[in-house]
Every structure is written in C-alpha cells, then in structure tokens.
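Me: I should be grateful for a close look at a single part of this structure, and at the surroundings into which that part fits.

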Amino acid sequence: MALENQKFRDKQAQLNATDQLTFKDRLSSLSNLPRFFKLVWQTSKGLTIANCALRIARSATPVATLYIGKLIIDEIIRISHTHGSASHTHLWTLVAAEFALAIISDALTRAITLMDSLLGDLFSNHTSVKIMEHAATLDLDQFENSTFYDKLERARQQTTGRTALLSQVLSQVQDLITMVFLAAGLLAFNPWLILLLLIAIIPAFLGESYFNDRSYVLSRRQTPQRRELDYMRYIGASDETAKEVKLFDLSSFLIQRFQTLANRFYTDNKQLSIRRSAWGTFFAMLGSAGYYGAYVFIIVRAISGSITIGDVTFLAGSFRQLRTLLEGILIRFTSVSQGAVYLTDFFDFFTIKPHITQPAKPLPFPNPIKEGFIFENVGFKYSNSSKWANRHLSFTLHPNEKLALVGENGAGKTTLVKLLARLYDPTEGRILLDGIDLREYDLKELRINIGVIFQDFIRYQMSVAQNIAVGHIREQNDRPLIVSSAEQSLAHPMIETLPEKYDQALGRRFNQGVELSGGEWQKIALARAYMKDAQLLILDEPTAALDARAEYEVFQRFADLTKGKSAVLISHRFSTVRMADRILVLDKGQLLEIGSHEELLAKNGRYAELFHLQAMGYR
Ligand SMILES: Nc1ncnc2c1ncn2[C@@H]1O[C@H](COP(=O)(O)OP(=O)(O)OP(=O)(O)O)[C@@H](O)[C@H]1O
C-alpha cells in the first residue's frame with residue numbers, strides 16, 4: 001500500500017494538463033481519508049463523537065417514516081372496509097408516531113448541520129496553524145521556489161475547502177446506513193428492483209466521475225495563473241501599492257491584465273460546465289426511466305392483488321428514496337475521492353523537509369568567539385538559478401572586527417550575509433566558526449548569536465514595541481529592554497512624539513495606525529538589532545533611508561555599541577564604509593579586494609575608483 005501511495009504521489013507530481021486520473025488513482029487517494037480523520041479527531045474529539053452519534057440516529061428515520069406511512073394507509077383501508085365502525089385509536093396513534101418522527105428527524109438534521117459547521121471552523125483553524133508551524137521550519141530557499149509556492153497555495157486551499165469533505169464523508173456513511181434499511185425492504189419484495197435501480201444510476205455516476213476528473217486537472221493546471229490573478233487583485237487594490245498605482249496610472253494596465261487572465265479562466269471553465277450540464281440532463285433522464293419502470297412493476301403487482309396499497313406506498317417510497325440516496329452516494333463518491341486527491345496536495349506539503357536543520361549532535365555556540373568566521377572557497381547558487389551568486393570566497397571575519405561589504409548591485413553582498421546567518425548553506429566550500437563547520441552548531445543558538453537587519457525588513461502592522469521586540473520575540477514583555485534598544489538606534493525621541501508612544505499602532509492597515517517615514521521605520525528596524533546580545537551583528541544597508549546627520553550619529557553609536565562584537569555592514573555610502581576596520585570588495589560574487597580604507601585607497605583598485613567616483617559627486 002505504501003508503494004502504491006508513493007506511486008500515486010509520483011504520478012501526482014508529474015500531473016500536467018493532459019494527464020487524467022484513473023478510477024484506480026481515485027480509489028488509492030481514498031487512503032488519505034484515515035489521516036484526514038485523524039486530523040479531524042485531533043481537532044475536537046467531543047464534536048466528532050457527537051456528530052457521528054447524531055448521524056447514526058438520523059439514518060434510521062427515513063425507513064421508519066415510510067413504514068409507519070404504510071401502516072397508516074393499510075389501517076385506513078381496513079377501517080374503510082368496515083365502513084368506519086372499527087376503532088380509530090390505532091390509526092391516530094400511528095399518525096402521532098409519524099408526526100413525532102418528523103419532528104425528531106428535523107431536529108437531528110439541524111443538530112448535524114450545527115456540528116458540521118462548528119467542527120469545520122475548528123478544523124480550518126487547526127490546519128491553518130499546522131501549515132504555519134510547518135512553513136516556519138522550511139528553508140528560505142524553498143519559499144523562493146515557485147513549485148513550492150504552488151504546493152503551499154494548494155495546501156492553504158485545503159484548510160477551508162476540506163471542511164466540506166468532512167461533512168461529505170460523514171453524510172456518505174449516514175446515507176449508506178439508511179440505504180441498508182431501505183434496501184432490506186426492497187430485497188424482501190423483489191431483488192430485481194435493486195438491479196433496475198443500479199442500471200438507472202451507474203451511467204450518471206460514471207459521467208459525474210469523468211467531469212470531476214476534468215475539473216480537477218483544470219484547476220490544478222490553473223494554480224499558477226490563480227496566484228497571478230490574486231496578485232493582480234492585490235496590487236490593484238491595496239494600501240501598499242496605491243501610491244504607485246496612482247502616480248504611474250497603472251490601474252488600466254492592471255485591470256486589463258486581470259481581465260485577460262480572468263477571461264481565460266472563464267472560457268476554460270465555461271466549456272467544461274456546459275458539457276457537464278448536457279450530459280447530466282441525459283443521465284437524469286435515464287434515472288427517471290429506471291424509476292418509472294419499477295413503479296409500473298409495483299403497480300401491476302398491486303392490481304393483481306399480490307401486495308397491499310400500503311405496500312405500494314412503502315415500496316415506491318423506498319425505491320424513490322433509494323434512487324436519490326444511491327445517486328447521491330455515487331456522485332458524492334466522486335467529490336469525496338476528488339477531495340481526497342486534493343488532500344494529497346495537503347499532505348504532500350507536510351512531506352517537504354527543510355535542508356537547513358539542527359545537526360544530530362549540535363555544538364554550543366562559542367562565547368566569546370575566539371578565531372572568528374573563516375570562509376573556505378565558498379560558493380553559492382540559488383536553486384532557481386544557474387548563475388553563481390557567490391564563488392571562490394576565502395577570507396576571515398575576525399572576532400571584534402567591523403567588516404564592510406562593498407560592490408555593485410547584484411555583486412552578492414546580501415547572499416554572503418545570508419550564508420553567514422545560515423539562511424542558506426554553501427553550495428560548495430564551507431564556513432568555519434572557530435575551526436568548526438557552521439553546520440555543526442546549534443541552529444537556535446546560532447540565530448540568537450547573529451543579529452541581522454536586512455534592507456527589506458518587514459514593517460509589521462503592529463505596535464512600536466512589538467515592531468522592536470521582533471528582534472528577540474522572547475523578550476516582548478521586557479519594556480526596559482525595548483526602550484533601551486530604541487535609544488541605541490536613536491528611535492526613542494521619535495517614538496516619544498507618537499500619541500501612544502511605544503503602544504502606538506504602526507501602519508495604516510488597522511484602526512488608528514500611524515505611518516512613519518522611511519528613515520523612522522529604519523530606526524525602528526535598527527532597534528531590533530539591539531534587542532538581543534548577539535555576538536555578530538549584520539546590517540544590510542541599515543542607513544540608506546537615514547538623513548546625513550542621523551546616519552553619522554547612528555554610526556558614531558554603532559562603533560560604541562558593537563565594542564567586543566563582530567559586525568558586517570553592507571552600504572553603498574563610503575562615508576559609512578570607511579568607518580569599518582576592513583572592507584571587502586565583491587565583484588560578480590567573487591572577492592576582488594580586501595583591506596582597510598587606507599590600504600585599498602593606496603592600492604588604487606576598484607575600491608579607490610568607486611570611492612573617488614562618489615567623492616566627486618560631493619565636490
Ligand atoms: N532569491 C534569489 N533567487 C535567485 N537569485 C537570486 C536571489 N537573490 C539574489 N539572487 C541573485 O544573486 C545575485 C546576488 O544577489 P545579492 O542580493 O546577493 O546582491 P547584492 O550585492 O546584495 O545586491 P544589491 O546591492 O542590489 O543589494 C544577483 O545576481 C541576484 O540576481
């Protein structure tokens with residue numbers, strides 16, 4: 001079975017527009033259901049049990065109602081044969097029983113709907129949390145891969161879409177039990193009726209099955225476009241993009257692109273829907289023919305006197321209900337198996353494993369760092385690119401050293417610091433810390449000891465305090481630490497001017513949020529770096545948005561604050577760069593020069609060239 005499952009998965013992975021799922025694939029996708037129910041069970045044991053119990057009770061009511069109906073009719077005929085002289089008590093007792101049953105049955109249906117919706121909401125929350133938890137363990141590299149994104153997207157859809165699957169499977173079981181009761185009556189009368197029923201239903205089932213396959217294949221093929229459509233919808237109407245959309249007058253460009261995509265969806269879906277509807281009508285006609293065939297048969301038997309009028313109503317009622325139920329079950333089978341196929345995507349997401357993981361025997365991070373970080377012929381290639389972003393990098397970042405990275409756009413500066421923070425592992429070569437491969441160290445400790453602020457830091461739509469605390473979220477309640485971090489990054493005076501100070505909500509997305517300027521945001525982001533006592537501080541263009549005075553002050557302080565620590569700075573401003581102990585010049589991912597400001601000027605190489613170029617601009 002495991003092998004079968006694996007084969008099925010492999011097949012899923014290769015699925016493209018021309019592939020179709022066979023009946024066998026559908027059946028094998030049902031093997032996802034036990035895992036699915038395990039998740040449901042984990043969501044709420046109480047609600048799951050209550051739901052099942054109510055459904056079992058509800059499944060017995062249709063046959064009981066029909067049978068009481070039959071007894072009522074036979075009783076009426078019996079009384080009418082006596083010209084009304086027989087006692088009516090039994091008749092009214094039967095009517096009262098049917099009435100009570102109708103009320104119970106309605107109440108059960110409503111209770112089941114309630115249970116379904118409660119359990120569905122909880123299930124959706126539970127699986128969303130699971131997805132977030134798992135996504136948090138994955139590598140940055142995996143997030144940058146579009147196949148991964150499609151998987152994540154499909155898994156996300158499952159959290160809400162699959163709640164329907166839950167009630168479908170439970171209804172399926174409930175209807176099967178109901179059918180057993182009803183079929184028992186029909187079988188006792190004439191087994192051929194059951195055969196007639198099957199002949200009437202099977203074409204409809206096969207048709208439904210075929211069209212569900214087609215719509216699954218279509219929807220899978222459309223996943224990337226759907227993401228693009230959502231993206232268009234987002235940039236067409238969001239607070240973050242409104243400024244540019246207005247200034248560049250992008251709305252008609254975006255709308256046109258949205259419409260082209262949306263129309264393509266519509267055309268593809270329309271063709272399928274029309275074909276589905278035409279065939280559906282034909283199969284429904286076949287079903288009706290089967291039903292009326294059986295009806296005629298029952299009537300003929302009643303005329304010949306072999307069954308009572310009560311039997312006719314019971315049998316015709318049973319047959320009609322069985323047909324509806326069986327049709328429902330068969331049609332639902334296709335959507336259940338389709339749902340189960342989608343579940344494969346959901347469970348597949350959880351099979352994606354990160355590569356950057358905790359080593360089997362993690363070493364404690366050295367404190368203090370004694371020999372520093374040594375790059376040994378390090379090279380790195382992004383998995384979605386054939387180009388080397390870094391290559392042949394060999395240098396040492398000494399303890400307490402302030403190293404600046406310089407290079408043109410795309411030279412590989414950010415990539416280098418991502419390797420230092422182990423957001424990626426080198427494709428070739430290795431990075432040593434105190435003589436031991438970085439991969440040997442405890443990952444959590446490593447992240448605590450290396451503080452990084454990237455140029456594209458996130459502006460969280462949360463309070464000022466929370467925006468700073470994200471630098472070391474464990475300390476989110478340590479207000480004095482948050483304030484002192486803000487003082488160090490020079491954000492404190494600005495925060496003091498905000499109406500709610502540290503509790504001020506930032507960003508416009510939520511009520512009463514305040515928007516900050518680019519430089520103010522940058523000071524807040526810088527404060528994150530001071531939240532933890534990291535031994536290596538990495539600032540990737542930390543001051544690009546700061547004015548000249550603020551930048552000067554930040555770096556005056558930075559030198560003080562990073563005493564006894566190593567720091568890596570990325571900057572395009574040479575006024576900042578020259579404050580570093582050494583400067584590493586990168587060109588196309590490779591090390592071109594390394595040395596102090598004076599040494600590199602004396603060398604008169606690329607650094608000197610870039611420095612003079614910028615200095616000229618100020619003269
Ligand atoms: N996530 C990614 N996937 C694929 N390629 C990437 C990715 N990020 C960067 N690159 C590529 O790697 C190379 C180095 O990029 P990197 O961001 O390290 O440059 P940088 O020196 O920091 O540039 P800048 O000064 O513009 O910030 C570039 O050619 C870039 O196109």
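Reply: The account below takes one helix and follows it into the core, then turns to the ligand and to confidence. The model is predicted, and the chain averages a pLDDT of 84, with 94% of the residues scoring at least 70.

The part chosen is helix 19, which covers residues 518-529. Its twelve residues reach 17 Å from the first C-alpha to the last, close to the 16 Å expected at 1.5 Å a residue. The buried residues of helix 19 are Gln522, Lys523, Ile524, Ala525, Leu526, Ala527, Arg528 and Ala529.

In soluble globular proteins, nonpolar side chains tend to be buried together. Here the largest nonpolar core has 66 residues, and Ala404, Leu405, Leu420, Ile468, Ile538, Val568 and Ile583 have the most contacts inside it. Helix 19 gives the most to this core, with five residues. Beyond its neighbours within four places in sequence, Ala404 is in contact with Leu569, Ser571, Val577, Ala580 and Ile583. Another core, of 20 residues, lies apart from the largest one and includes Leu54, Leu119, Leu166 and Tyr216.

As for the ligand, 13 residues surround it, and Tyr382, Ala389, Asn409, Thr414 and Thr415 come nearest. Helix 14, residues 413-420, gives the most to this shell, with three residues. By class, the shell has three nonpolar, eight polar and two charged residues. For the complex, the predictor gives an ipTM of 0.96 and a pTM of 0.69.

One stretch calls for caution: over residues 1-19 the pLDDT is below 50. Where pLDDT is low, the predicted coordinates should not be read in detail.

Terms used
Residues are numbered from 1 along each chain as its sequence is written. This is a predicted model: local features need pLDDT of at least 70, side-chain atom pairs count only at pLDDT 80 or more; totals for chains, interfaces and linings use all residues. A residue is near a molecule or strand if its C-beta atom, placed from the backbone, lies within 6 Å of it. Helices (H or I, at least four residues) and strands (E, at least two) are DSSP runs, numbered from the N terminus. Ala, Val, Leu, Ile, Met, Phe, Trp, Tyr, Cys and Pro count as nonpolar, Asp, Glu, Lys and Arg as charged, and the others, Gly among them, as polar. The expected span of a helix is 1.5 Å times one less than its number of residues. A residue is buried if 20 or more other C-beta atoms lie within 10 Å of its own, exposed if 12 or fewer, and partly exposed in between; C-beta atoms are placed from the backbone. A nonpolar core is a set of buried Ala, Val, Leu, Ile, Met, Phe, Trp, Tyr and Cys residues joined through C-beta atoms within 7 Å. Two residues are in contact if their C-beta atoms, placed from the backbone, lie within 7 Å. pLDDT is the predictor's confidence in each residue, from 0 to 100.
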